[in-house]
Amino acid sequence: MVKTVIIEAAGGAEQLKLVDREVGAPGAGELRIRHRACGLNFIDVYQRMGLYPLELPHALGMEAAGEVVSVGEGVTHLSEGDRVAYAATPPGAYCEERVMPAAQVCRLPDGISYETAAAMMLQGMTVEYLFHRVTPLGKGDRVLFHAAAGGVGLIACQWARSEGIELIGTAGGPEKCALALEHGATHCIDYTAEDFVARVKELTDGQGVDAVMDGVGADTFDGSLDCLRPMGFMISFGNASGPVPPVSLLTLAQKGSLKLTRTTLFNFIARHQDCQEIAAHLFEKVAAGAVNVRIGQTFPLGEVAEAHRALEGRRTTGSTILTL
């Protein structure tokens, strides 16, 4: 029997329950993993609330790091005892041990700790695909990145700096803006004190940015469109403030023939090869010192409800992990 966090009904953080569950042997294409640390992300909140519905009851959590206990038939890229990390479906990472599909589980280099891996897999692989697999971006391009002091944002700031991309961040308050600048943002706009649209236009001499990367959602979407240059690319990848309302295609034409996509990491890592390549690129950045993962908060697994409340209340900076 192992400790596992589940929900039996959608709702608030009070729905999170720590229960004992049995873990069986892995089947074909699966492995059994013993977790050392688990990551916490907004997708977990969306699933808990029912925005992304799950068949209930269901365990939560999308990323973790630990050791392989055993492997099922057909698994060739990992062996018993390997140090591993993942961000993958199905949910169920908030636990001591689990059996799961092996294809999206990645061997963890010795130089990266379990805690760092659990804090970076979902967020770091998200940054990798945003900068390399959605639209071409390179040295000298300008990107507006919302929530630049969050877990994804701090990795994005460093990633942009390492590739010569000018990242304009937004964050709530001077302390969070200072953190984003410290991690590589070229500029950071305090949205509690400034109009971010006007400030972006000022910083770009009225031209706008090449791309917006927006994980906030409803609160920032309309303004983000106004920050783009003609033919610019709007990348919506999250709903921290709620889902974006329906958008008229005519609006995109009127604002400069803009391009718009709504992405999710799990489409980009669905193929085994793609997942392993994205993870390897992330590991390279971390090993080279180009990306340092900031763990802002740590909670024991049994305090997962408080961890969710802190994330929803925007009382976190950097990444948040659950320890076992």
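R229 counts as partly exposed, because its relative accessibility is 28%. In this predicted model, R229 forms a salt bridge with D210, and the closest N and O atoms of the two are 2.7 Å apart. The pair ties together distant parts of the chain: R229 belongs to strand 13 (residues 228–236) and D210 to strand 12, 19 residues apart. D210 has a relative accessibility of 18%, so this residue counts as buried, since buried means under 20%.

Strands 12 and 13 are a good place to step back and look at the sheet around them. They belong to an open sheet of six strands, which you can follow in the order 11-10-9-12-13-14, with parallel pairing. At the edges sit strand 11 (187–190) and strand 14 (259–262), each of which pairs on one side only. On average, and ignoring direction, neighbouring strands of this sheet are turned by 15 degrees against each other.

Now look at one pairing inside that order. Strand 9 (residues 142–145) runs parallel to strand 12 (residues 209–214), and three bridges join them. To find one on screen, start at F145, whose bridge partner in strand 12 is M213. Towards the other end of the order, a helix comes into view: helix 4 (residues 174–182) lies across strand 10 (166–171) and strand 11, and it runs at about 165 degrees to strand 11.

Next, let us move to strand 3. This strand covers residues 30–40 and is mostly covered, with eight of its 11 residues buried. Strand 3 has several partners to explore. With strand 5 (residues 63–71), it pairs in the antiparallel sense over seven bridges, and here L31 stands opposite V71. Strand 7 (residues 97–101) also runs antiparallel to strand 3, joined by five bridges; in this pairing you will find I33 opposite R98. Then there is strand 16 (residues 319–323), again antiparallel to strand 3, with four bridges between them. A37 and T323 stand opposite each other there.

Strand 3 also brings us back to charged side chains. In general, side chains of opposite charge can pair when their charged atoms come close. The structure holds 17 salt bridges. One of them joins R34 and E97, with the closest N and O atoms 3.3 Å apart. This pair, too, links distant parts of the chain, as R34 lies in strand 3 and E97 in strand 7, 63 residues apart. What is the surface exposure of R34 and of E97? R34 counts as partly exposed because its relative accessibility is 32%, whereas E97 counts as buried because its value is 13%. Their salt bridge is also part of a wider arrangement: R32, R34, R36, E67 and E97 are linked in a network of salt bridges.

One further pair rounds off the tour. R133 forms a salt bridge with E128, and their closest N and O atoms are 2.7 Å apart. R133 is partly exposed, with a relative accessible area of 32%. E128, in turn, has a relative accessibility of 1% and therefore counts as buried.

Definitions and conventions:
Residues numbered from 1 in each chain as written. Predicted model: local features only at pLDDT ≥ 70, side-chain atom pairs only at ≥ 80, totals over all residues. Heavy atoms only, no water. Pairing = 2+ DSSP bridges. Helix = DSSP H or I, 4+ residues; strand = E, 2+ residues; numbered from the N terminus. Axes fitted to C-alpha atoms, helices over the stretch in contact; angles between N-to-C directions. Contact = heavy atoms within 4.5 Å. Buried < 20%, exposed > 50% of the residue type's maximum accessible area, 1.4 Å probe, protein only. Salt bridge = Lys/Arg side-chain N within 4 Å of Asp/Glu carboxyl O.
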